[in-house]
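Q: Got a minute to go through this one with me? I'd like to start with charges and rings.

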Amino acid sequence: MRENKTNLSSQRCHRHNDLPWNIRKFVHNQLREFNFNADLRSVVPWSKSAWSHTDLLRLRRGMVGGQFWAAYVPCESQHLNAVQLTLEQIDLIKRLIDKYAQHLQFASSAKEIMEAHEQNRIASLIGVEGGHSIGNSLAVLRILYDLGVRYMTLTHTCNTPWADSSSVEHRGKYPEHGGLTEFGKRCITYEAEKLLSKYGVHSEEYVPIRTAVVGEMNRLGMMVDLSHASVRTMKDALAASKAPVMFSHSSAFALCNSSRNVPDDVLKSLEPGGSLPPSHKLTIGPYPERN
């Protein structure tokens, strides 16, 4: 189905879509068993899932001009096979785009989004949901960027070894790190600095230790996504980041009492005259549902 070309300003960019995980869950990433052209509201098991709201029919009718597909893997894979599963989900997203190339076009830059619009295709971008997907490796983070990932959610519902998730806001739960660790930010430790100096290496030459996660994301041009992060992690990331951040699927906590949503003091810090510089713009995606 192809509809008349619409003005770019009237189209929507959706920041987080879990369809790739449903494809893995329902058909084990076998795209020959998945018909994206169908109205999935009438196709089992898609029609029975509370987390399945996407097919090409609805994307076109909703005038979606850009879509971030989530390369999500569960927290249970942390310290096990999270990196492999993430790569498999990125592979799935790219195969989905290729299979439905009449409607979808891979994009990893503003220029490529515009090119997709000119071809009346939905610009398809990739976001990774959860810092556990990098396996505590900046090398993996860089490889994900090279594969086209353009945002990473710092945490999902589990803490990583370098950041607290929103799960610590639940009653009876306590922070593990108190927000972002120094690795999560961008700093080199004093002991590591001494060790490097001992062998004649200056820290500015040793990028993997010095920059760490948020700093390396800034350097690469990968957006920092704070949905699912603890409040302290949100504030630490806002203080550490030199580039704008996003909340891909969060809402305002005052409107919906969910731990993944953004409290007023964080929102107010981004107002003109707030505690953060004007360069820290914020985008929020609606997410009214309960955790």
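A: Sure: K94 lies over the face of F106, 5.1 Å from the ring centre. That label needs NZ of Lys or CZ of Arg within 6 Å of the ring centre and within 35 degrees of the ring normal.

Q: Which ring does the charged end of R150 sit over?
A: The ring of Y145, at 3.8 Å from its centre.

Q: What should I know about the model and numbering?
A: It's a predicted model, where local features need pLDDT of at least 70, side-chain atom pairs count only at pLDDT 80 or more, and totals for chains, interfaces and linings use all residues. Residues are numbered from 1 along each chain as its sequence is written, and side-chain values use heavy atoms, with hydrogens and water left out.

Q: OK, switching to D164. How far away is the nearest side chain of opposite charge?
A: That's R232, 8.4 Å away. D164 is buried (under 20% relative accessible area, 1.4 Å probe, protein chains only). It has no salt bridge (a side-chain nitrogen of Lys or Arg within 4 Å of a carboxyl oxygen of Asp or Glu). Lys and Arg count as positive and Asp and Glu as negative, while His and the chain ends are not counted.

Q: So what does the side chain of D164 reach?
A: The backbone nitrogen of H177, at 3.0 Å. The backbone nitrogen of G179 also lies 3.1 Å from a polar atom of the D164 side chain.

Q: And Q119, how far is it from Q102 in space?
A: C-alpha to C-alpha, Q119 and Q102 are 9.1 Å apart, with their positions 17 residues apart in sequence.

Terms used: Buried means under 20% relative accessible area, exposed over 50%, partly exposed in between (1.4 Å probe, protein chains only). A polar contact is a pair of N or O atoms within 3.5 Å; within protein, one must be able to donate a hydrogen and the other to accept it, and residues adjacent in sequence count only if both atoms are side-chain atoms.
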